[in-house]
Amino acid sequence: MTAPLLEVHDLNVDIPMPHARLHAVRGISLSIGGGEAVGLVGESGSGKSLTLRALLGLLPRPARIASGTILIDGQDVTGLPAHRLRHLLTDTMSMVFQDSLTALNPVMRVGDQIAEGPRRKLGRSRAAAHATAVELMAKVGIPDPERRYAHYPHELSGGMRQRICIAIALSTEPRLILADEPTTALDVTIQARVLDVLGRLRREEHVGLLLVSHDLAVVGQTCSRLYVMYAGKVVESGQLVDLVTEPRHPYTFSLLRSVPDPDRRVDRLLSIPGQPPDLSTTVVGCSFAPRCPFVVDACREREPELLDIGGRDSACLRIDTAEHWTDMVAAEGVR
Amino acid sequence: MTAMALDPLEPAEESSVVVRSSRGRWNATLISGLVLFGLIVLAAVCAPLLTSYDPIVQNLGQAFLAPGSPGHLLGTDSFGRDVLARLLYGGRTDLEVGVFAVVSPFVIGSVVGLVAGWFGGWLDTIIGRIVDIVIAFPFLVLVIALVFAMGPGTTSIYTAITLVGWVAYCRIVRGQVLVAKEQEYAMAARASGLPTWRILLRHLLPNVILQAFVYSMSDIVLTLLAIVTLGFLGLGVPPPNPDWGTMIQDGQQFILTKWYLTTIPGIAVVLVGIALALIADGIVDRTNR
Amino acid sequence: MRYVVYILRRLVSLIPVLLGISLIVFFLIRLIPGDPAATLLGTHATPTAIRELRDQLGLNRPLWSQYLTFLGRLIHGNLGFSYFYDVSVTSLIGTSLPVTLWLLVAGVVCTIVIAVPLAVLAAARRGGIADNIIRAVPVAGLGLPVFWVGIMLILIFGLKLHWVPVAGFGNSFPQHVRSIILPGITIALTLAPILIRSLRASMIEVLGSDFIVTAQAKGISTARVVLGHALRNAAISSVTVLGVNIAYLTGSTLVVERVYSLPGIGQQMINSILSRDFPTVQGITLVFAILVVIVNLLTDVTHAALDPRVKLA
């Protein structure tokens with residue numbers, strides 16, 4: 001069995017600030033195989049975006065990787081000097097950002113921005129790079145790509161721009177695309193189209209996808225496997241189907257309940273009460289305890305480890321009660 | 001010469017020059033600037049105490065003494081006048097005019113800007129046009145032309161600088177007012193039915209004046225430069241009153257051998273410039289904590 | 001083609017400003033106490049000459065009528081007659097303006113050559129030693145008297161080292177270039193600090209943008225990211241700052257030309273002031289203002305050319 005494309009072990013990302021040190025990513029581990037579509041779900045502030053940036057070696061100042069290992073094709077790359085590391089990482093992966101307007105150079109034609117990767121990194125000639133760009137634009141579903149090549153970002157709609165960003169991500173022939181909330185800024189119909197493009201590309205080009213989102217619906221549409229993050233940690237992971245039908249962590253459970261389901265009649269929309277914890281302090285016990293509907297005293301004393309519960313992982317002391325969670329919540333009324 | 005006039009100051013998450021201590025009311029930049037400026041002003045004000053020489057009286061027998069000669073720390077010029085004395089007394093003249101010449105452009109420009117920004121409409125358009133016209137003339141050219149027209153002397157200098165210099169303040173304050181107008185406190189004041197002049201003076205002014213004040217620091221330098229330049233061209237404070245500009249001009253002919261006659265006054269000007277730039281930066285750092 | 005239309009539109013909107021400039025210049029002479037005609041004639045003022053000139057200028061007519069005459073003559077390119085030099089002001093300006101233009105171009109070129117690398121370096125290595133040193137430059141540079149800098153440069157490079165001529169403009173193209181280097185650098189030393197400060201700030205802001213990360217994620221070299229992506233964007237706002245300051249700095253040509261004995265309009269203006277040749281002073285003041293207006297227009301056009309988001313309509 002070949003090594004997974006990307007492996008991350010115990011990654012820690014710190015942000016030293018003047019008044020405190022934010023421990024934003026607290027020892028997470030991931031694994032993605034070639035051609036897989038994996039989702040990374042969590043609220044804002046859960047550390048998911050920083051994880052992506054760390055994977056490319058592009059953490060914004062002053063954030064930095066405090067510890068952890070990153071393996072590409074089974075090879076440990078963490079020790080490499082920054083320059084080489086970034087070179088290697090960008091060979092394998094590329095990224096799509098949430099805000100396509102700020103992610104694009106406003107004074108450069110969109111076609112040129114797509115062609116830049118092939119031209120500069122892959123060493124193609126100007127004409128060949130141009131042709132590649134047009135080809136990619138067609139692949140991501142942009143009509144009339146030859147003409148659109150010369151347009152500037154502000155002249156395109158949000159959905160088009162996001163597709164340009166995807167084309168840019170594809171231009172360096174990556175094996176894995178990291179997508180950070182790629183559809184959050186788009187409205188629902190466009191969202192569906194962009195996700196469609198991503199899905200199609202994955203199947204046709206065999207490019208892997210690591211999709212970060214706070215929106216379960218988005219992740220549900222594209223990914224087969226899921227990691228759920230809370231307060232800088234992975235609290236549950238496994239096959240999408242399993243997580244959605246039988247969540248084994250209260251956070252996942254609460255997330256699912258807060259998504260309005262047209263088939264299920266509810267008296268009111270539930271949201272998860274409370275706030276995510278302050279990442280500058282070390283939390284004693286489980287970070288989700290203050291907001292957890294199933295919390296017991298033990299949860300506040302010991303931090304639950306991420307345990308393999310048969311093909312999937314969960315970090316909760318109350319896993320054994322998981323089958324009854326729906327009933328427990330209904331019995332307690334609104335919680 | 002009034003470069004810097006309208007360029008936005010540095011974004012302030014920066015810490016101060018060289019020393020990373022921009023937090024707090026008194027940061028290193030502000031302090032060093034104030035100290036330097038204070039020393040210079042002190043030296044100029046205390047000129048009679050610091051030197052017993054008369055900066056004007058000629059003493060040809062003592063001409064061209066090198067710096068470090070007994071009794072003459074910085075030497076003497078072509079007329080035997082002590083350079084240090086001329087430097088100090090010249091500083092008096094230049095600094096005095098430099099600082100005070102900024103006051104009326106500041107006041108007039110700010111008031112006009114306040115009014116233009118607040119009332120808007122045709123008043124703003126007209127004032128805007130006038131500003132455009134005045135700004136079309138290079139600062140120095142217009143000042144020189146005006147001084148020329150009005151005759152040499154300190155009054156002409158003050159008048160010329162006022163006539164030309166108010167526009168920068170007008171623009172700055174107007175810009176600030178346009179922003180402040182939309183703020184809640186301004187709208188609240190308007191709604192409360194207070195008389196307009198009261199709103200402008202008591203509520204708006206304190207909030208919009210900061211940028212203008214910071215600019216005035218660099219404006220003092222620019223005005224100083226203008227005065228020194230006028231002196232250099234022979235259009236400034238009439239001789240034999242000492243002035244850094246005329247000192248530089250006088251020393252020019254002897255540049256090969258007595259280069260210090262020209263260099264020293266120039267360094268004095270540069271020092272004042274550094275001091276005021278530090279103060280301006282310090283204020284910016286402080287307000288943007 | 002769009003640019004031509006843009007420029008024409010701008011020129012049209014500038015008409016009020018141009019009129020205002022002419023108004024100020026018109027009134028300049030009337031600030032001087034005494035008879036304007038006598039002032040204009042200077043030492044050539046005889047009662048007959050004065051009477052003739054008064055007729056010619058229509059000084060006996062109401063002020064607005066005088067202004068219209070003045071304006072009329074201006075439009076025909078008639079800037080008056082220099083009684084001191086015994087030639088038309090227009091021809092005086094015609095011979096000296098090119099020198100000043102050389103100086104301005106040299107100044108801008110030197111400024112860009114000095115300021116851009118320093119600003120980019122400071123921004124790219126922010127917080128480092130280079131950055132701190134470079135940041136100190138604008139602080140020291142604010143108070144540099146242009147003419148003093150010129151004298152110091154002449155002292156070092158001209159008189160002590162004999163690298164460049166210290167006066168005059170020369171008679172041939174190569175001589176022109178040699179003569180204009182030091183003056184250009186002099187101007188640059190006063191203009192560069194401002195550009196450094198502004199460009200560095202823009203670069204830092206741009207370097208924090210998302211599209212820089214996108215560019216980096218493509219795996220292209222850091223140099224290309226900094227120069228091709230960051231600088232191209234940062235330059236846009238700095239062009240405006242540079243343009244505004246060039247406009248202001250055209251005034252410093254006065255002293256630079258004096259210090260370096262360059263026969264440009266600045267030098268001419270000072271000579272005319274010292275010889276009380278008022279028509280020339282008036283004419284040159286006007287030309288300076290027009291120069292500034294043109295520089296501002298060029299700045300706007302350059303800005304529009306660099307930034308595709310600017311609507312030329």
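**Close-up 1. A:Gln191, a buried residue in chain A of a predicted model.** Start with A:Gln191, which has a relative accessible area of 13%. That value is under the 20% cut-off, so A:Gln191 counts as buried. You'll find A:Gln191 in helix α8 of chain A, which covers residues 188–205. Who does A:Gln191 touch, once we skip its neighbours within four places in sequence? The answer is A:Thr183, A:Leu186, A:Asp215 and A:Val218.

**Close-up 2. Where chain B meets chain C.** There are 2 pairs of chains in contact here, and chains B and C are the pair that shares the most contacts. On one side, chain B brings 55 residues to the contact, and on the other, chain C brings 59. The size of an interface is often given as the accessible area lost when the parts come together. For chains B and C, the buried area comes to about 5,200 Å². Carbon and sulfur atoms give 76% of that area.

**Close-up 3. The salt bridge between chains B and C.** How many salt bridges link chain B and chain C? The count is 1. Look for the side chain of C:Arg197 meeting that of B:Asp281, with 3.1 Å from N to O.

**Close-up 4. Where chain C meets chain A.** Chain A puts 24 residues into this contact, and chain C puts in 20. Together the two chains bury about 2,200 Å². Here carbon and sulfur atoms give 57% of the buried area. This pair of chains also has a salt bridge count of 1. The partners are C:Lys218 and A:Glu116, whose closest N and O atoms are 2.9 Å apart.

**Close-up 5. The gap between chains A and B.** What about chain A and chain B? No contact joins them. Their closest C-alpha atoms lie 11 Å apart.

**Close-up 6. The second largest pocket, with about 550 Å³ of space.** Of the 22 residues lining this pocket, the ones closest to its centre are C:Val108, C:Ile112, C:Val239, C:Leu242 and C:Ile246. Which helices of chain C each supply at least two residues of the lining? They are α5 (89–124), α8 (173–207), α10 (222–249) and α13 (278–306). As for the kinds of residue in the lining, 18 are nonpolar and 4 are polar. You won't find any charged residues there.

Technical notes:
Residues numbered from 1 in each chain as written. Chains lettered and ligands numbered in written order. Predicted model: local features only at pLDDT ≥ 70, side-chain atom pairs only at ≥ 80, totals over all residues. Heavy atoms only, no water. 1 Å grid on protein atoms, 1.4 Å probe; cavity = no way out; pocket = protein on both sides within 12 Å on 5 of 7 lines; lining within 4 Å. Points joined across faces, edges and corners; volume = space filled by probe spheres on them. Helix = DSSP H or I, 4+ residues; strand = E, 2+ residues; numbered from the N terminus. Nonpolar A, V, L, I, M, F, W, Y, C, P; charged D, E, K, R; others polar. Buried < 20%, exposed > 50% of the residue type's maximum accessible area, 1.4 Å probe, protein only. Contact = heavy atoms within 4.5 Å. Buried area = accessible area lost by both parts, 1.4 Å probe. Salt bridge = Lys/Arg side-chain N within 4 Å of Asp/Glu carboxyl O.
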